[in-house]
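Me: I'm new to this one. Could you take a close look at the salt bridges and walk me through them?

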Amino acid sequence: MKLLMTETSPYARKCRMLIREQGLTARIEEVEALPLDDPDDLLSINPLGKVPALIRDGATALIDSPLICEYIDSLNEDRWIPKSGTSRWRVLRFQAIADGILDLAVGRRVEMTRPEDKRFEFWIERQENGIRRSLDLLESEADKFAGAFDLGGMAIAVALGYLDFRYPESEWRTGRDRLSAFHEKWAERPSYQSTEPPASA
Ligand SMILES: N[C@@H](CCC(=O)N[C@@H](CS)C(=O)NCC(=O)O)C(=O)O
């Protein structure tokens, strides 16, 4: 199988970390596909033109990181997404919050790459407020995800890493000791370290 990805995409990073945690690196090859170049291999399986996208052997390709993560997780008995019950909804809820932070932070990044006089302050403020509120919620609920390693925690760790990468001015650690300690724990894991975005990007 092939995962179309970029090294800077946090959504792809979630999938790449799960592949490592699930010991599937020999089964799933990572192939760089730069969405802004509109490469044929990406557009032929994802009309949205976004990474990540997973080309499966003898089956339809899958798109969207939550769906791809569900599939990757199903390849092993040892689950990072519980199959059922309250814990499943807890993990998926935290993934949704983390992915939402990413959506806001990626949107903000797009605004910030425009020339200053073309930036839309209204949206930047909304995006920054949404990120701040979500981080505050995660800080207050840290006991619900910090005690175990699962996809919810992984998605949060990836979102925090993306803020360090593209929005360091957020100073997200300030006043958020529990989130900060949680991130440090994840940052020690080989799956996290080997998927760090390149410093030069
Ligand atoms: N909901 C999607 C979001 C994927 C996404 O937005 N990927 C970005 C890279 S970080 C992308 O491919 N952007 C290219 C574009 O929007 O044209 C997921 O979770 O996989």
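Reply: Let's begin with Glu70, which counts as partly exposed because its relative accessibility is 27%; buried means under 20% relative accessible area, exposed means over 50%, and partly exposed is in between, using a 1.4 Å probe and protein chains only. Its partner Arg88 counts as buried, at 17%. The two side chains meet in a salt bridge, 3.1 Å from N to O, where the term means a side-chain nitrogen of Lys or Arg within 4 Å of a carboxyl oxygen of Asp or Glu. This pair links distant parts of the chain, with Glu70 in helix α3 (residues 65-74) and Arg88 in helix α4, 18 residues apart. Helices here are DSSP runs of H or I with at least four residues, numbered from the N terminus.

A quick word on the background: this is a predicted model, where local features need pLDDT of at least 70 and side-chain atom pairs count only at pLDDT 80 or more, while totals for chains, interfaces and linings use all residues. Residues are numbered from 1 along each chain as its sequence is written, and side-chain values use heavy atoms, leaving out hydrogens and water.

Now for another pair: Asp99 and Lys14 form a salt bridge at 2.9 Å, N to O. It connects helix α4 (residues 86-112), home of Asp99, with helix α1 (residues 10-21), home of Lys14, across 85 residues. Both Asp99 and Lys14 are buried.

Arg114 pairs with Glu111, their closest N and O atoms being 3.2 Å apart. Here Arg114 is partly exposed at 33%, while Glu111 is buried at 8%.

Finally, Arg16, Arg20 and Glu30 are linked in a network of salt bridges. Searching the whole structure turns up 15 salt bridges.

Key. Helices (H or I, at least four residues) and strands (E, at least two) are DSSP runs, numbered from the N terminus.
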